[in-house]
Number of protein chains: 2
Amino acid sequence: MIGIDWGTTRFRAFRLTAEGAIRDHKASGRGILAVPDGRFADSLREEIGPWLAAGERHVLMCGMVGSRQGWVEAPYLACPVGPDDLAAALVEVPFDWAEVKLVPGVSGADADGVAEVMRGEETQLAGALAAFDRLGAGRIAAACLPGTHCKWARIAGGRITGFATHMTGEVFAALRGHTILGRTMQDGTATDHAAFDRGVARAAQAGGLLHHLFGVRAEALAGRLAPEAGASYLSGLLIGHEVRAALAGLPAGAIVPVIGAPDLTALYARAIEAGGAMAERINGEAAARGLSLIGGRIGWR
Amino acid sequence: MIGIDWGTTRFRAFRLTAEGAIRDHKASGRGILAVPDGRFADSLREEIGPWLAAGERHVLMCGMVGSRQGWVEAPYLACPVGPDDLAAALVEVPFDWAEVKLVPGVSGADADGVAEVMRGEETQLAGALAAFDRLGAGRIAAACLPGTHCKWARIAGGRITGFATHMTGEVFAALRGHTILGRTMQDGTATDHAAFDRGVARAAQAGGLLHHLFGVRAEALAGRLAPEAGASYLSGLLIGHEVRAALAGLPAGAIVPVIGAPDLTALYARAIEAGGAMAERINGEAAARGLSLIGGRIGWR
């Protein structure tokens with residue numbers, strides 16, 4: 001089968017073996033925003049035509065491709081949701097010569113009743129369930145999926161029971177690009193871990209995030225924060241505030257799996273450990289594993 | 001005498017009587033960023049030439065005009081600082097036919113030793129001291145000066161003893177203009193007070209600011225936040241978080257004077273009252289009063 005994680009700005013496809021291993025993969029910038037005039041079928045042919053020509057007949061997709069702005073809208077499933085629920089609610093997509101289905105997104109509410117939605121992360125979480133079992137599923141209070149909009153999902157009995165989104169990545173970009181804070185920052189090629197840790201530590205102090213942000217500038221003007229360290233400090237400040245708020249609702253010493261790309265999960269793991277919980281990084285292709293798992297539920301491998 | 005509050009984006013001048021009343025005033029968009037090639041003297045002649053021609057010989061300025069990017073740099077005075085300290089540290093500015101002096105800015109550190117600076121607010125605070133006395137100076141734990149960078153100043157014995165800056169106004173503009181949150185908002189002519197209060201109440205709930213921000217979008221998508229109310233809700237969320245963090249260090253039932261323009265002080269007063277303190281709005285020309293007070297200390301009126 002072919003598994004596809006089709007997001008807002010990225011297209012990632014995996015050709016999977018019957019055992020769920022990745023036989024081949026490809027990635028491009030053809031996210032749903034880059035598909036003109038609803039030509040999703042044409043885009044799919046262009047992206048994975050060779051694999052279809054080689055005999056693949058089953059395509060399972062997740063992510064924003066199932067949103068109102070995507071190919072076909074797949075209604076949200078309400079929490080609690082596990083792999084069986086997702087497999088039972090796949091949405092068929094008309095396509096010329098292969099069977100194409102969409103994994104639905106998941107809806108929920110936070111502790112105060114404010115609405116929450118995810119698309120794509122539910123599939124990554126399904127793909128990480130086996131890793132959760134290895135870590136001791138009973139000790140996992142929440143899993144963290146960093147990104148532009150970071151998700152913290154509560155897991156129980158192999159299902160997502162609720163989740164909360166933090167706008168950390170997007171706020172970082174807006175503050176760096178469109179406030180006075182960016183003026184004292186230089187681009188660095190790599191994260192300055194000491195500056196990141198300083199930002200995380202600052203997040204634990206009094207005064208609140210909106211005050212701490214001004215300190216990025218004040219410390220730079222006072223010569224205590226080098227221009228090439230400024231972005232790392234700001235990143236630590238924001239991730240530190242996010243992690244502290246997210247851990248506040250969890251038992252002490254909880255295990256928090258962090259699912260995503262190695263560089264970002266490494267930063268979140270530092271902040272989570274600083275906050276007193278235990279971070280376990282899951283850096284493999286969780287989306288591919290989740291698509292394979294759900295495909296297995298409907299006999300596609 | 002003539003008092004001038006010359007900031008980054010605004011120029012405001014007051015012709016003051018010997019009793020400190022405002023005889024005439026003018027305002028323009030000629031902030032220091034709009035002065036080309038350091039031509040501050042020319043700009044001043046153009047702005048207040050008629051008053052000088054009418055016989056005024058003393059000009060006292062405060063604000064960013066005394067910064068490194070301004071006309072002449074006036075070194076910061078370290079806290080504690082009161083009107084006598086400011087008057088003793090005025091910086092002379094060469095000018096052809098009038099005596100021109102600058103009020104220095106003030107530096108400090110927050111409770112955790114992070115650097116803080118202000119320029120202009122020290123003069124507004126000096127101008128509000130008489131109002132503080134009327135309110136009962138002993139019951140005033142801190143004064144709030146809303147703006148792009150909002151200042152919360154601790155006052156004791158008629159002097160500024162420390163202060164903290166919150167980047168609330170600038171963060172609001174960056175989030176509204178440069179994140180996904182702006183997409184579900186329409187311009188409104190006035191603040192929607194019910195939506196503002198909802199944002200303030202949300203700030204008191206669990207989850208942290210970075211999570212609450214995503215809720216602006218989620219609530220809009222769920223049809224529970226109208227496009228024309230979105231900006232007011234976001235404003236309440238940010239001001240609510242700022243006020244909660246700032247009040248956390250103050251005694252319960254404290255009086256908080258709020259100094260500034262009527263619309264903004266009204267919003268801050270709502271959030272401060274919601275946070276359990278007592279807000280007292282001071283909407284007059286605090287900068288003009290402060291310039292007059294300091295001018296009086298050196299015999300200019």
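The exercises below work through a predicted model with chains A and B.

Residues are numbered from 1 along each chain as its sequence is written, while chains are lettered from A and ligands numbered from 1 in the order in which they are written. Because the model is predicted, local features need pLDDT of at least 70 and side-chain atom pairs count only at pLDDT 80 or more, whereas totals for chains, interfaces and linings use all residues.

**Exercise 1. Describe the overall build of chain A.**

Step 1. Start with the secondary structure: chain A has 9 helices and 14 strands. Helices (H or I, at least four residues) and strands (E, at least two) are DSSP runs, numbered from the N terminus.

Step 2. Compare the radius of gyration with the globule rule. The radius is taken over C-alpha atoms, and the rule is 2.2 Å times the number of residues to the power 0.38. Chain A has a radius of gyration of 20 Å, close to the 19 Å from the rule for 301 residues, so chain A is as compact as a globular protein of that length.

Step 3. Look at burial. A residue is buried if 20 or more other C-beta atoms lie within 10 Å of its own, exposed if 12 or fewer, and partly exposed in between, with C-beta atoms placed from the backbone. In chain A, 53% of the 301 residues are buried.

**Exercise 2. Find the neighbours of strand 4 in chain A.**

Step 1. Strand 4 covers residues 58-62, and 4 of its 5 residues are buried.

Step 2. Two strands pair if DSSP finds at least two bridges between them. Strand 1 (residues 2-6) pairs with strand 4 in the parallel sense over 4 bridges; here Ile2(A) stands opposite Val59(A).

Step 3. Strand 7 (residues 99-102) also runs parallel to strand 4, joined by 4 bridges. In that pairing, Leu60(A) has Lys101(A) as its bridge partner.

**Exercise 3. Check the span of helix 8 of chain A and say what covers this helix.**

Step 1. The expected span is 1.5 Å times one less than the number of residues. Helix 8 (residues 262-274) has 13 residues and reaches 18 Å from its first C-alpha to its last, close to the expected 18 Å.

Step 2. The buried residues of helix 8 include Leu264(A), Tyr268(A) and Ile272(A). Among the elements that cover the buried residues are helix 5 (193-203), helix 7 (230-247) and strand 14 (278-282).

Step 3. Gly276(A), with a positive phi near 95°, follows the helix.

**Exercise 4. Work out how chains A and B are related and what forms their contact.**

Step 1. Copies are superposed by least squares on the C-alpha atoms of residues with pLDDT of at least 70 in both. A rotation of 180° with 0.0 Å of shift along its axis superposes chain A on chain B, with RMSD 0.1 Å. This is the relation of a two-fold axis.

Step 2. Two residues are in contact if their C-beta atoms, placed from the backbone, lie within 7 Å. Chain A gives 40 residues to the contact and chain B gives 40 residues. Helix 6 of chain A supplies the largest share of chain A's side, 8 residues.

**Exercise 5. Locate two unusual backbone features in chain A.**

Step 1. The peptide bond from Cys79(A) to Pro80(A) is cis, with omega near 0°. Pro80(A) lies in the loop between strand 5 (77-78) and helix 2 (83-88).

Step 2. Asp37(A) is not glycine, yet its phi is positive, near 55°. This residue sits in the loop between strand 3 (22-28) and helix 1 (40-53). Asp37(A) counts as exposed because it has 6 C-beta neighbours inside 10 Å.
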